[in-house]
Amino acid sequence: MIRTLPLLLVPIFAIPSAARPEPQTRVTVEAKNGMVVCVSPPAADVGVAVLKKGGTAVDAAVAVAVAMAVTWPEAGNIGGGGFMMVGPPGQEPVCIDYRETAPTAARVDLFADGTVKAFDHRAAGIPGTVRGLALAHRKFGKLPWKDLVWPAVKLAEDGFVVDGALAGRLNWVLASAATTNAEFRRVFGKREGAEWQAGDVLVQKDLGRTLRAIAEGGPDAFYTADLAKLLEKEMKAGGGLITAADLAAYKANERKPVQTTYRGYDVYGAPPPSSGGVGLAEMLNILENFDLKSRGRWSPEVTHLMIEAMKRAYCDRARYLGDPDFVAPPGHLISKEYAKKLAVGINLVRATRGETLAPDIELGEGGDSTTHFSVIDRDGMAVSNTYTLENAFGSRIVVRGAGYILNNEMTDFNPKPGKTTRGGQIGTTPNLVAPGKRMLSSQTPTLVLKGGRPVLMTGSPGGRTIINTVACVVVNVIDFEMPVRDAVDAPRLHHQWFPDVVRFEGADRHPGLVAKLKTMGHTATVTGTKQGDAHTIWVDPKTGLYHGAADTRLDGKAAGY
Ligand code: DON
């Protein structure tokens with residue numbers, strides 16, 4: 001059942017040519033038995049077909065994830081990593097951590113002299129996606145692995161129809177002088193340098209063969225067999241660090257999610273090595289000390305409180321968080337008592353300066369893409385999955401003979417030990433490069449439950465903005481009881497401690513808000529870019545119906561049945 005909502009007056013920002021054209025409709029899709037919401041329409045269709053065949057939400061998530069490695073190459077991947085939150089009915093949610101890992105040869109000063117750039121073989125971490133999906137499938141899947149990977153094989157080998165959105169993204173990356181990898185250009189370039197148009201067909205034969213091997217041989221085909229040799233060969237040719245031994249040693253982890261309560265709801269987020277769950281919990285715990293609802297969503301008071309909560313959580317992120325196998329995250333960050341102390345420290349009429357939150361951290365002067373999808377099945381198993389190549393199209397390097405794009409996730413480590421800048425570069429110890437370490441992430445796939453049942457599945461791309469995007473959606477739904485469509489569409493804001501600036505998406509919808517915040521001491525800007533892409537599902541507690549809202553900032557599709 002599709003309910004068309006009136007067009008919301010969300011301004012169309014001046015967006016870079018990389019962005020998708022503004023979609024025609026904003027809809028909420030309602031369904032009883034299952035729902036998939038993701039950025040790529042063909043992948044959403046693959047996922048819902050798996051649900052219709054009796055697959056679990058995790059089965060569908062596996063199929064969507066591998067399909068998006070074909071149909072949304074800017075972030076969908078098998079050469080990257082991410083985090084999958086799974087809420088099995090009647091059980092505590094778990095997090096599958098399939099974050100990339102630093103190769104054995106990586107050293108703390110990898111980025112220190114500036115010679116390793118984002119589009120460099122040395123920027124690639126050991127990919128985690130295939131092991132992560134296999135682990136999730138082993139624990140929570142029902143249908144055979146091969147059946148879940150097969151639709152992606154067909155999409156790659158037979159090709160699929162490119163829409164205007166994907167055409168725009170491909171044209172953007174191909175037009176960039178920074179896209180120098182010849183194999184990337186061979187795989188994604190159109191004949192004789194022509195531009196991609198909606199309606200063209202993209203065939204990826206090498207990727208199809210790789211996916212076929214994974215479908216038939218399982219994750220070992222990627223980590224220990226011929227495909228591992230291809231990656232090692234690519235690394236040797238490009239001066240990269242990953243070896244076949246690194247690949248063979250890669251492990252996905254099942255981790256206990258970060259959990260907090262927020263106004264009677266249970267919120268579960270991705271734990272370290274993501275900062276997403278801790279950051280979100282810390283912000284919500286601070287905000288719970290205030291009555292937001294009575295003040296109004298767009299009041300300067302609520303905005304001020306959200307900014308102040310963001311600053312504190314991002315400061316703690318920089319100070320404390322890294323791979324928990326190397327640096328234990330302190331437990332107090334998500335305690336209610338700590339949040340209360342922080343809340344008491346907020347001046348209600350005056351912005352706190354970034355420096356004063358961490359006088360001990362010495363300060364110098366100083367693209368995107370990830371993708372999130374949400375799934376729920378007829379039994380109420382909920383999945384919230386965010387995965388990434390780091391930049392749009394990752395390192396822009398395609399592994400020769402294997403057809404997949406390599407991540408450049410190593411750039412998520414703190415690049416220069418000791419160098420934290422007012423510009424936002426972090427140099428604190430917990431997230432410095434070390435062999436075998438996972439780089440800190442901001443991915444925030446989130447499950448919200450009430451009385452043990454899933455209510456909200458959300459998450460987003462957007463680098464460090466991710467945690468704030470998710471916080472905005474959660475506050476919109478829980479505090480302000482917005483319908484999920486409005487909660488996703490509503491303009492977002494971002495403050496990350498440093499730079500000490502709040503960025504508004506569309507604050508011009510709220511005349512006077514930015515001016516008022518400036519009088520309170522905030523440095524505020526209204527940006528011309530969109531913040532995030534939060535493909536979200538909400539479950540109506542009265543009817544049990546699933547409401548899927550694709551975030552129209554990048555378009556996408558909610559497919560239900
Ligand atoms: O894991 C992280 O936090 C980053 N690698 C995410 C990058 C990202 O979201 C870029 N996209 N929009």
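Me: By about how much of the helix are glutamate 183 and arginine 186 separated in helix H6 (residues 182-188)?

Reply: In this predicted model, local features need pLDDT of at least 70 and side-chain atom pairs count only at pLDDT 80 or more, whereas totals for chains, interfaces and linings use all residues. Residues are numbered from 1 along each chain as its sequence is written, and side-chain values use heavy atoms, with hydrogens and water left out. Because glutamate 183 and arginine 186 stand 3 residues apart in helix H6 (a DSSP run of H or I, at least four residues, where a strand is E, at least two, numbered from the N terminus), the separation between them is about one helical turn.

Me: What is the N to O distance at which the side chains of glutamate 183 and arginine 186 meet, and how many salt bridges does the structure hold?

Reply: The side chains of glutamate 183 and arginine 186 form a salt bridge (a Lys or Arg side-chain nitrogen within 4 Å of a carboxyl oxygen of Asp or Glu), with N to O at 2.9 Å. For the structure as a whole, the number of salt bridges is 32.

Me: Which residues are the closest to the ligand?

Reply: The ligand is surrounded by 15 residues, each with a heavy atom within 4 Å of it. By class, this shell divides into 2 nonpolar, 8 polar and 5 charged residues, where Ala, Val, Leu, Ile, Met, Phe, Trp, Tyr, Cys and Pro count as nonpolar, Asp, Glu, Lys and Arg as charged, and the others, Gly among them, as polar. The closest of the surrounding residues are Thr370, Glu390, Glu409, Asp412 and Gly463.

Me: Where do polar atoms of arginine 99, threonine 370 and serine 442 lie relative to oxygen atoms of the ligand, and what percentage of the ligand's area does the protein bury?

Reply: A polar side-chain atom of arginine 99 is 3.0 Å from a ligand oxygen, a polar contact (N or O atoms within 3.5 Å), and an N or O atom in the side chain of threonine 370 is 2.5 Å from an oxygen of the ligand. In serine 442 a backbone N or O atom takes this role, at 2.7 Å from a ligand oxygen atom. Of the 340 Å² that the ligand exposes when taken alone (Shrake-Rupley, 1.4 Å probe), the share buried by the protein is 94%.

Me: Which loop holds proline 273, and which holds proline 499?

Reply: The bond from proline 272 to proline 273 is cis, with omega near 15°, and the bond from phenylalanine 498 to proline 499 is also cis, with omega near -5°, although most peptide bonds are trans. Proline 273 falls in the loop between strand S10 (265-269) and helix H11 (276-287). For proline 499, the loop is the one between strand S17 (493-494) and strand S18 (502-505).

Me: What is the phi of arginine 263?

Reply: Arginine 263 is placed in the loop between strand S9 (258-262) and S10. Most residues other than glycine have a negative phi. Arginine 263, although not a glycine, has a positive phi of about 50°.

Methods. A polar contact is a pair of N or O atoms within 3.5 Å; within protein, one must be able to donate a hydrogen and the other to accept it, and residues adjacent in sequence count only if both atoms are side-chain atoms.
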